[in-house]
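Welcome, and please open your viewer before reading on. We will go from one selection to the next, with a short note on what is there.

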Amino acid sequence: MHGSRAERVPPRPGQLPGPGPEFADGGRGLLLVERLADRWGWYPRVGAPGKTAWAECALP
């Protein structure tokens with residue numbers, strides 16, 4: 001997943017606030033990732049604007 005808005009930096013894992021007005025125009029995808037993934041994170045893209053998010057889900 002790539003985010004092209006370099007001016008918006010998402011919270012780190014475990015630091016997302018609950019759903020509310022701050023998510024009215026975006027950012028809800030990371031709430032889903034936080035709830036469903038076992039591990040996730042993001043990092044700034046090198047040589048391009050934005051950031052890359054990653055997630056891992058453990059298989060039973």
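A handy term to begin with is burial: a residue is buried when its relative accessible area is under 20%, exposed when it is over 50%, and partly exposed in between, using a 1.4 Å probe and protein chains only. Glu56, at 37% relative accessibility, therefore counts as partly exposed. We will come back to Glu56 later in the tour.

**Before you start**

This is a predicted model, in which local features need pLDDT of at least 70, side-chain atom pairs count only at pLDDT 80 or more, and totals for chains, interfaces and linings use all residues. Residues are numbered from 1 along each chain as its sequence is written, and side-chain values use heavy atoms, with hydrogens and water left out.

**Stop 1: the whole chain**

Show the chain as a cartoon. Helices (H or I, at least four residues) and strands (E, at least two) are DSSP runs, numbered from the N terminus. Here you can find one helix and three strands, and they follow the pattern β-α-β-β along the sequence. The chain has 60 residues, of which 25% count as buried.

Now colour by pLDDT, the predictor's confidence in each residue, from 0 to 100. The mean for the chain is 76, and 63% of its residues reach 70 or more. Where is confidence lowest, and where is it highest? Strand β1 (residues 2-3) has the lowest mean, 49, while β3 has the highest, 90. Where pLDDT is low, the predicted coordinates should not be read in detail.

**Stop 2: helix α1**

Select residues 28-36, which form helix α1. Within the helix, Leu30, Leu31 and Val33 are buried. These three cover an arc of only 165° around the axis (taken from the directions from the helix axis to the C-beta atoms), which puts them on the same side of α1. Turn to the other side of α1 and you meet Leu32, Arg35 and Leu36, which are exposed.

What do the buried residues of α1 pack against? Their partners are β2 and β3, where contact means heavy atoms within 4.5 Å.

**Stop 3: the nonpolar core**

Next, select Leu30, Val33, Ala37, Trp40, Trp42 and Ala53 and show their side chains; together these six residues make up the largest nonpolar core. Such a core is a set of buried Ala, Val, Leu, Ile, Met, Phe, Trp, Tyr and Cys residues joined through side-chain atoms within 4.5 Å. At least two residues of this core come from α1, and at least two from β2. In soluble globular proteins, nonpolar side chains tend to be buried together.

**Stop 4: a salt bridge**

Select Arg39 and Glu56. They form a salt bridge, with their closest N and O atoms 3.2 Å apart; the term requires a side-chain nitrogen of Lys or Arg within 4 Å of a carboxyl oxygen of Asp or Glu. Because Arg39 lies in strand β2 (residues 39-44) and Glu56 in strand β3 (residues 51-56), the pair ties together parts that are 17 residues apart in sequence. Arg39 is partly exposed, at 48% relative accessibility, and Glu56 is partly exposed as well, at 37%. By this rule, the count comes to one salt bridge. Side chains of opposite charge can pair when their charged atoms come close.

**Stop 5: Tyr43 and Trp54**

Move to Tyr43 in strand β2 and Trp54 in strand β3. Their C-alpha atoms are 8.7 Å apart, and the two residues are eleven residues apart in sequence. Tyr43 is partly exposed, at 44% relative accessibility, and Trp54 is partly exposed, at 30%.

Which residues does Trp54 touch, not counting residues up to four places away in sequence? They are Arg39, Trp40, Gly41, Trp42 and Tyr43. With the C-alpha atoms of Trp54 and Gly41, the separation is 5.6 Å, for residues 13 apart along the chain. Tyr43, with residues up to four places away in sequence again left out, touches Lys51, Thr52 and Trp54.

**Stop 6: two prolines**

Select Pro44, also in strand β2. Is this residue buried or exposed? At 51% relative accessibility, Pro44 counts as exposed. Its contacts, leaving aside neighbours within four places in sequence, are Gly50 and Lys51.

Finish at Pro11, in the loop between β1 and α1. Pro11 is partly exposed, with a relative accessible area of 28%. The C-alpha atoms of Pro11 and Gly41 are separated by 9.2 Å, although the residues are 30 residues apart along the chain.
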